[in-house]
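Please open the model in the viewer and keep the sequence panel visible. The tour proceeds by selection, with a short account at each stop.

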Amino acid sequence: MAARETNPNFMNGVPELLILRLLQQEEMYGYEIVHAIRSRTEAVVAVGEGVVYPVLHGLERDGALRSRRKNVNGRSRIYYSVTAAGSRRLADLSEAWSNLAAAIQKMLKGGRHGEAIQ
Amino acid sequence: MAKPFNELRERLLRAGVAPRHVRRYLAELADHLADLRAEEERAGRSPADAESAALVRLGGTDDLSRAMIEQRQFQSWCARAPWAMFGLAPLFLLAGAYFVACLILWSGWKIFLPGTESPFVPILDGFAIFYFGVGRMLYFAAPVLIGWGIALVAARQRLSAFWPTVGLVLVALIGATAQVHASRPAVPGAVGHVSMDLALGPSAQAASHGLLHALVILSLAALPCLVWRLQRPRSPSA
């Protein structure tokens with residue numbers, strides 16, 4: 001298969017957060033999830049599209065997601081949705097990322113080190 | 001499965017990812033690829049160009065395999081603890097099979113041959129022949145069947161030969177040295193008992209016979225694995 005440039009390692013954890021956020025609103029299958037991520041992040045978040053599946057399977061195994069097979073337009077799809085544990089995990093992740101993003105933003109705007117790291 | 005995923009499947013299996021997780025991953029990737037291909041065709045690309053573009057968007061084999069391999073929870077038990085899966089599990093299975101075989105022998109003795117000193121006597125009753133035959137079949141076939149199981153699991157998961165070979169040799173040795181004894185105390189009405197032990201035999205001749213028996217079991221058990229390995233170069237998608 002051909003190679004494709006994707007985001008580097010600092011993207012670790014981002015797909016998980018975005019997936020949980022998306023699936024909290026409605027159940028989706030993999031292709032829909034990737035499309036939604038691309039459109040809602042205006043293509044800033046770029047991952048190999050197939051890479052979403054190990055994340056989905058991992059979250060399902062951890063109990064954060066549940067899946068069910070559904071026939072749509074003659075094709076069998078696996079739809080994912082968030083569980084109660086997944087909602088709690090999303091809340092924790094969202095808080096952690098918001099704090100991190102705020103801290104980095106402060107750093108980039110020239111704030112003092114002590115203010116940025118809380 | 002679509003041809004583009006053959007290399008990915010081999011890489012995942014060799015990295016120890018459990019076959020069921022590989023199967024599900026590849027099935028979802030194949031669905032995703034079909035969606036991407038359709039999307040590219042709707043955008044006006046030719047089928048060949050749409051296929052290429054869809055594969056690029058899906059991700060390279062390196063990325064796709066790394067994403068799955070990094071999730072250690074998808075590793076099979078054969079990859080995590082091969083010593084348990086190939087060293088211990090076959091022994092427990094064999095012990096279970098021998099227990100059932102001995103139970104059949106003991107219960108058959110009690111039901112069909114209540115007055116005899118031993119269950120190892122000529123039997124004429126049709127159902128008794130069948131009943132004891134099941135136990136005998138289980139006793140003799142268990143090492144080979146378990147060996148086939150080891151070979152099947154090793155082949156499915158593309159495992160290196162070391163641990164499966166250890167398992168096969170252990171099963172063959174136990175299969176060749178297992179001996180069943182049955183005796184009844186010389187007291188009227190006493191219940192006979194059946195026991196098992198592992199021994200190569202009292203003489204050098206018996207020992208060499210036992211080793212030959214082990215070699216036969218090993219050969220029979222390893223045969224499907226050898227056939228599979230010989231056939232692989234002819235079918236690259238296997």
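The stops below cover a hairpin, a pair of helices and the contact between two chains.

This is a predicted model, in which local features need pLDDT of at least 70 and side-chain atom pairs count only at pLDDT 80 or more, while totals for chains, interfaces and linings use all residues. Residues are numbered from 1 along each chain as its sequence is written, and chains are lettered from A and ligands numbered from 1 in the order in which they are written.

**The hairpin of chain A.** Select β1(A), residues 65-72, and β2(A), residues 75-82; helices (H or I, at least four residues) and strands (E, at least two) are DSSP runs numbered from the N terminus. The two strands pair (at least two DSSP bridges) in the antiparallel sense over eight bridges. Opposite Asn71(A) is Ser76(A) of β2(A). Two residues lie between the strands, and Asn73(A) has a positive phi near 50 degrees.

**Two helices of chain B.** Next select α2(B), residues 19-42, and α3(B), residues 47-58: their axes come within 8 Å and cross at roughly 130 degrees. Axes are lines fitted to C-alpha atoms, for helices over the stretch in contact, with angles from 0 to 180 degrees between N-to-C directions. The angle makes α2(B) oblique to α3(B), oblique being what remains outside under 35 (roughly parallel), over 145 (roughly antiparallel) and 65 to 115 degrees (roughly perpendicular). Contact residues (C-beta atoms, placed from the backbone, within 7 Å) include Leu33(B) and Leu36(B) of α2(B) and Ala50(B) and Ala54(B) of α3(B).

**Between the chains.** Finally, select the contact, with 18 residues from chain A and 21 residues from chain B. On the side of chain A, α2 (30-40), α3 (52-61) and β2 (75-82) each supply at least two residues. The largest share there, five residues, comes from α3(A).

Key
Contact = placed C-beta atoms within 7 Å.
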